[in-house]
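Here's a quick walk through how two chains meet, with a stop at one loop residue afterwards. Have the structure open while you read.

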Amino acid sequence: MSNLRLVKEFKLESATRIFIATELFSDEFDTYRIEINGKATSASNSILFTLVNDNGEQLGENLYDYAYQQNRSNQAVAENRLQNGDYWSVIMHQTAVWGGATFYLFNPATDGRYTYMVSDSSVFYNAASIRYLHNISVGNMKNTYNASGLKMYGNGGSMDNFTLRCYGIRRD
Amino acid sequence: MKLRQVDKATASSSATLAVNGIDNDSVYMVVVRDLHPSNDNQNLYVRVNVSSTAKSDAFYQESGEFLDSTTTNGDKHNLNGTSFVAHIAIGNAGVESANGIYMLYNFNDSGSYSNITFQNTDSTYNNAVVGYKAGGYRNKNESNNGLTWFFNTGNIEYGEVTLYEIVQ
C-alpha cells in the first residue's frame, strides 16, 4: 500500500464564498499533501486560508504568518507578506478561470507543534497586464492547536467549481 | 502518485541525522519535519551520502529564493559549497523548527549528477516564517544513497526525516 493515503475529497459545484473542509487532519498523519483543482470562480484578488476545528470554526487570530512570490507572465515578479495576520493568502487570481495548487502542511493535528505550510499554484489572471501567475508561498500558524481542516474564502466574489483532495503522508 | 517509505531517522539531541537506502533510478522524496536546534539562529545544512557517509567536498551548487514574512524576499546562490544550505537562521524558542519537502533526482546513477529541489518552510530566530524554494546539484558523477543533516553548531534536539521512493 502506498504511504500516500487519500483522506478526503470534496467537490464544489455551486458558488460559495466560504468553503470549510473538516475531518482532514488527525493524529494518524503529521504531514499532508492537499491538491486543489479549480475550474471556475467569480472570486477576485485572492483566496485566503485558515485552519479550523471540528466545528469548522477558525483557529487562531493574529497568529498566521506568510510570504509569497508571484512570477507573472506579463510583468516583473511581485511579492507580499504578512506577520501576525488572520489568514494565509496563497492563491491570487481574478475572475472567470483559475487553476490549481498543491500544498504541503506539516503538523496541523500534531500535539504541541506549530503548523507549517508551503505551496505552489498556477492560475490564469484575467487582466491584460498580468495574465498568468505562478505563486509560491510559505506560512505558519504560531500556536499548537490541533486542527481538523481548512477554511477557504474569497476576499471578493465566490469560488464556483473546484475539487480538493487531501492526502496523508504515512510514516511507519 | 504512490510513495514507498525507504528510511526514517528521528533526532534526539543528535549531532547529525541521516537517511539512506536509495538503490534505484526512481525519483525520491524526503519529508523534513520539525527539526529543532539546540542553539538559536542556526543554519541547517544537508549533504549527500556515498555508501551512507556524508560527502563534505566542495561540489554543491544551488540557487533559489527565500520568502520571508518580515522583509523583502531574497535570492540565494551557492557555488562550490561544501553542503546545501537548505534552511537559514532556525530559531530554538518554543517549538520553532525547520520543515520541507525535497525531491531527489538521479541520486542512484553513478554516471550523472545528483539533483535536488527544496520546498522549505521554517521558523527563524526572529519569529518570522521563512521559506526556501530552490534547487541544486552536486557536480560529481557518483552514486548517492542518502542525505545527512546537521546544524552549524549544536544538536538537532528533535524532529524527523523520512525518505520515500516514488513508485509506479
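Contact here means heavy atoms within 4.5 Å. Keep in mind that this is a predicted model. On that footing, chain B brings 40 residues to the contact and chain A brings 39 residues.

How much area is buried between chain B and chain A? About 3000 Å², with carbon and sulfur atoms giving 56% of that.

What else turns up across the interface? There are 24 residue pairs in polar contact between chain B and chain A, both partners at pLDDT 80 or more. The rule also finds four salt bridges there. One of them joins B:Arg33 to A:Asp30, with 3.3 Å between the closest N and O atoms.

Now for the chain B side. Several strands of chain B each give two or more residues to the side that touches chain A: E1 (2-14), E3 (28-37), E6 (60-68), E9 (98-105), E10 (114-123), E11 (129-138) and E13 (156-167). Sorted by class, that side looks like this:

| Class | Chain B residues touching chain A |
|---|---|
| Nonpolar | 13 residues |
| Polar | 16 residues |
| Charged | 11 residues |

Over in chain A, take a look at A:Thr22, which sits in the loop between strand E2 (18-21) and strand E3 (31-52). Is A:Thr22 buried or exposed? Its relative accessibility is 18%, so A:Thr22 counts as buried, the cut-off being under 20%. Setting aside neighbours within four places in sequence, A:Thr22 is in contact with A:Lys8, A:Phe10, A:Val52, A:Asn53, A:Asp54, A:Gly56, A:Ser148 and A:Gly149.

Key
Residues numbered from 1 in each chain as written. Chains lettered and ligands numbered in written order. Predicted model: local features only at pLDDT ≥ 70, side-chain atom pairs only at ≥ 80, totals over all residues. Heavy atoms only, no water. Buried area = accessible area lost by both parts, 1.4 Å probe. Salt bridge = Lys/Arg side-chain N within 4 Å of Asp/Glu carboxyl O. Polar contact = N/O pair within 3.5 Å; in protein donor to acceptor, adjacent residues only side chain to side chain. Helix = DSSP H or I, 4+ residues; strand = E, 2+ residues; numbered from the N terminus. Nonpolar A, V, L, I, M, F, W, Y, C, P; charged D, E, K, R; others polar. Buried < 20%, exposed > 50% of the residue type's maximum accessible area, 1.4 Å probe, protein only.
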